[in-house]
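The following exercises are to be worked with the sequence and the coordinates at hand. Each task is followed by a stepwise solution.

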Amino acid sequence: MREYLTLEQLKTLSFEKIERLQNMRFAATARYLLPQVPFYQKMFKQYGVDSARIRTVHDWQKTGLPLIKKSAYIKNSQEFLVKPELKGIFLRHLSYLESSGEN
């Protein structure tokens, strides 16, 4: 999986393809990384949201989850540190990305 695309590479992709890539990465982040962050753990619990069901930004909005302002990060910076269960978290994340066929 490419970590990034150059501007020239992006210019060759359709809007739908770019949106698909964004949604794929967003879903992987919501499913595997955000639950490892204390702030998001609490927020998902408070709103009764299963992060594995968030596939797009629209899903985030539909669940009623708020957008996080920069001031929240500044006030609670320790709550935003990723504290993963180290055994396999990043491998699961990469596996999810690779299984989508976006290599």
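A polar contact is a pair of N or O atoms within 3.5 Å; within protein, one of the two must be able to donate a hydrogen and the other to accept it. The model examined here is predicted.

**Exercise 1. A side chain and a backbone nitrogen**

Task: Determine where Gln9 is placed and how far a polar atom of its side chain lies from the backbone nitrogen of Thr6.

Solution.
- Step 1. Gln9 belongs to helix α1, which spans residues 7-11.
- Step 2. A polar atom of the Gln9 side chain and the backbone nitrogen of Thr6 are 2.8 Å apart.
- Step 3. The relative accessible area of Gln9 is 33%, so the residue is classed as partly exposed.

**Exercise 2. The two sides of helix α6**

Task: Identify which residues of α6 are buried, and explain why they fall on one side of the helix.

Solution.
- Step 1. Helix α6 runs over residues 89-99, and its buried residues are Ile89, His93, Tyr96 and Leu97.
- Step 2. Around the axis these residues take up an arc of only 95°, which places them on the same side of α6.
- Step 3. The general background is that an α-helix has 3.6 residues a turn, so residues three or four places apart point the same way.
- Step 4. Leu91 and Ser99 are exposed and sit on the face of α6 turned away from the buried side.
- Step 5. The cover over the buried residues of α6 includes α2 (15-33).

**Exercise 3. Leu33 and its contacts**

Task: State which residues Leu33 touches when those up to four places away in sequence are not counted.

Solution.
- Step 1. Leu33 is found in helix α2, and its relative accessible area of 18% makes it buried, since the cut-off is under 20%.
- Step 2. With sequence neighbours up to four places away left out, Leu33 touches Ala28, Ile89, Phe90 and His93.
- Step 3. Leu33 and Ile89 are 56 residues apart in sequence, yet their C-alpha atoms are 7.7 Å apart in space.

**Exercise 4. Aromatic pairs**

Task: Describe the geometry of the pair formed by Tyr40 and Phe80, and of the pair formed by Phe44 and Trp60.

Solution.
- Step 1. The model contains eight aromatic pairs.
- Step 2. In one of them, the rings of Tyr40 and Phe80 lie 5.9 Å centre to centre with 80° between the planes, an edge-to-face arrangement.
- Step 3. This pair links distant parts of the chain, 40 residues apart: Tyr40 is in helix α3 (residues 38-47), and Phe80 is in the loop between α5 (70-75) and α6.
- Step 4. Tyr40 is buried at 9% relative accessibility, and Phe80 is buried at 15%.
- Step 5. The ring centres of Phe44 and Trp60 are 6.0 Å apart and the planes stand at 75°, so this pair is also edge-to-face.
- Step 6. Because Phe44 lies in helix α3 and Trp60 in helix α4 (residues 57-62), the pair ties together parts 16 residues apart in sequence.
- Step 7. Phe44 has a relative accessible area of 6% and Trp60 one of 8%; Phe44 is buried, as is Trp60.
- Step 8. One aromatic cluster is formed by Phe26, Phe39, Tyr40, Phe44, Trp60, Tyr73 and Phe80.

**Exercise 5. Nonpolar cores**

Task: Establish how many residues the largest nonpolar core has and which helix gives the most to it.

Solution.
- Step 1. The largest nonpolar core has twelve residues, among them Ala30, Leu34, Val37, Met43 and Leu65.
- Step 2. The greatest contribution to this core comes from α3, with four residues.
- Step 3. A second, separate core has nine residues, including Met24, Ala27, Ile89 and Tyr96.

Technical notes: Residues numbered from 1 in each chain as written. Predicted model: local features only at pLDDT ≥ 70, side-chain atom pairs only at ≥ 80, totals over all residues. Heavy atoms only, no water. Buried < 20%, exposed > 50% of the residue type's maximum accessible area, 1.4 Å probe, protein only. Helix = DSSP H or I, 4+ residues; strand = E, 2+ residues; numbered from the N terminus. Arc of directions from axis to C-beta. Contact = heavy atoms within 4.5 Å. Phe/Tyr/Trp six-rings, centres within 6.5 Å; stacked < 30°, edge-to-face > 60°. Core = buried A, V, L, I, M, F, W, Y, C linked by side-chain atoms within 4.5 Å.
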